[in-house]
Amino acid sequence: MIHRPALEQLTLARIREFVRQPEALFWVFGFPVLLALGLGFAFREKGPETIPIGVSGARAEALAETLGASPALRVRVYPDGQGRDALRTGRISLLVEAADEPVFRFDPTRPESRLARLEADAALQSAAGRRDPIEVRSIETREPGARYIDFLIPGLLGLNLMGTGMWGVGFSIATARMQKLLKRLVATPMRKSEYLLSHVFSRLLFLVLEVIVLVGFGWWVFDVAVRGSLAALALVSLLGALAFAALGLLVASRAQTLEGVSGIMNLVMVPMWVMSGVFFSVERFPDGMRPWIKALPLTALNDALRAIINEARPLSELGLEVGILVAWGLASFAVALAIFKWR
């Protein structure tokens with residue numbers, strides 16, 4: 001009889017455990033595809049939408065006709081009082097009150113309100129006879145990789161690698177601890193490092209499928225091409241998966257219940273969901289926060305994936321991002337190995 005090494009047997013056991021859970025397969029492969037499909041169609045390439053604005057006052061009808069000349073505005077006349085309610089509740093981005101001199105009411109923190117104010121002012125000034133002294137020539141460009149879906153697909157891939165690495169590893173260990181399975185493993189000759197590494201290695205089998213499914217879906221449906229090296233994409237994805245699997249080990253090293261590991265997981269993952277550039281750029285955050293955000297593993301992974309997929313940058317230019325992923329992975333695994341308890 002051939003006796004396989006303990007690490008190999010443990011890894012195979014983790015794989016069998018995963019594929020027997022249909023809900024886990026959905027969250028790994030189905031959910032990111034559905035998310036990409038929904039957001040991809042919601043933010044697909046299309047012409048600019050008109051901005052809703054309101055007009056109120058004694059001369060509202062005449063003013064609305066003048067503002068309606070702008071193709072960027074969708075004008076509606078409101079009775080006195082109702083216009084401010086529409087502005088307050090967000091149904092319109094700008095309220096123009098027709099007094100002796102038109103009055104603009106808007107929220108300057110909303111980009112569409114500032115744009116509506118500029119468009120409305122331009123329409124009124126043109127109707128009053130304004131002529132621009134400088135003739136400006138416009139050239140429309142559509143660069144490859146500049147669409148929102150091009151930004152989104154690498155972010156979803158990074159998000160999926162984080163989720164499957166942490167949830168898959170953390171929940172598996174917490175469940176085994178609750179069912180008293182870990183206590184039984186203490187009596188075996190298996191080393192702690194072998195048990196923890198089996199959870200990490202079992203994720204690698206599904207890594208290839210995760211990348212192929214999501215990147216292939218983006219290319220097939222939305223024409224999101226991988227402009228860089230496939231080998232670089234594979235290596236960065238591998239480092240990201242290992243780093244988050246190690247983080248999952250760390251989170252589950254002491255957690256005694258599913259509720260406990262779930263709470264810690266959310267504490268670790270939710271800030272990265274928001275800040276690490278999955279759905280919008282980290283440039284939206286204040287300057288003082290960006291160095292800390294850049295040091296997060298999901299930020300490094302997303303930046304590296306976008307650099308390879310959208311910018312065709314070689315791996316030699318991604319030393320900082322790769323270094324951050326390696327540091328998080330090694331540090332997390334080392335601490336998890338030191339503090340892990342069977343009971």
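Among contacts in the chain between residues at least 6 apart in sequence, what percentage join residues at least 24 apart? In this predicted model, the figure is 70%. The chain has 343 residues, and 41% of them count as buried. Its secondary structure consists of 13 helices and four strands. The exposed surface of the chain comes to about 18900 Å², with carbon and sulfur atoms supplying 62% of that area.

The interior can be followed from its largest nonpolar core, which holds 51 residues. Within this core, the residues that touch the most other members are Leu157, Met162, Met166, Leu233, Phe244 and Leu301. Six helices each supply at least two residues of the core: helix 6 (148–178), helix 8 (192–222), helix 9 (230–252), helix 10 (258–275), helix 12 (297–309) and helix 13 (319–339). Another core, of 16 residues, lies apart from this one, and its members include Ile51, Ala98, Phe104 and Ala123.

Leu157 serves as an entry point to the larger set of contacts. Leaving aside residues up to four places away in sequence, Leu157 touches Glu210, Val211, Leu214 and Val215, along with Leu233, Ser237 and Leu305. Leu233 is, like Leu157, one of the core residues that touch the most other members.

Glu210, a contact of Leu157, also appears in the lining of the largest cavity. A search of the whole structure finds one cavity of 30 Å³ or more, and the largest cavity encloses about 40 Å³ of space. Besides Glu210, its lining is made up of Leu161, Thr164, Gly165, Arg203, Leu207 and Ala241. Helix 6 and helix 8 each supply at least two of these lining residues. By residue class, the lining divides into three nonpolar, two polar and two charged residues. Both helices also contribute at least two residues each to the largest nonpolar core.

Helix 12 offers a further point to examine, since Asn302 has its place there. Is Asn302 buried or exposed? Asn302 counts as buried because its relative accessibility is 0%, and the cut-off for buried is under 20%. Not counting residues up to four places away in sequence, Asn302 touches Pro154, Gly155, Gly158 and Leu159, and also Ser276, Gly277 and Val278. Leu301, the residue numbered just before Asn302, is among the core members with the most contacts to other members.

Conventions:
Residues numbered from 1 in each chain as written. Predicted model: local features only at pLDDT ≥ 70, side-chain atom pairs only at ≥ 80, totals over all residues. Heavy atoms only, no water. Core = buried A, V, L, I, M, F, W, Y, C linked by side-chain atoms within 4.5 Å. Buried < 20%, exposed > 50% of the residue type's maximum accessible area, 1.4 Å probe, protein only. Contact = heavy atoms within 4.5 Å. Areas by Shrake-Rupley, 256 points an atom, 1.4 Å probe, with all protein chains shown as cover. 1 Å grid on protein atoms, 1.4 Å probe; cavity = no way out; pocket = protein on both sides within 12 Å on 5 of 7 lines; lining within 4 Å. Points joined across faces, edges and corners; volume = space filled by probe spheres on them. Nonpolar A, V, L, I, M, F, W, Y, C, P; charged D, E, K, R; others polar.
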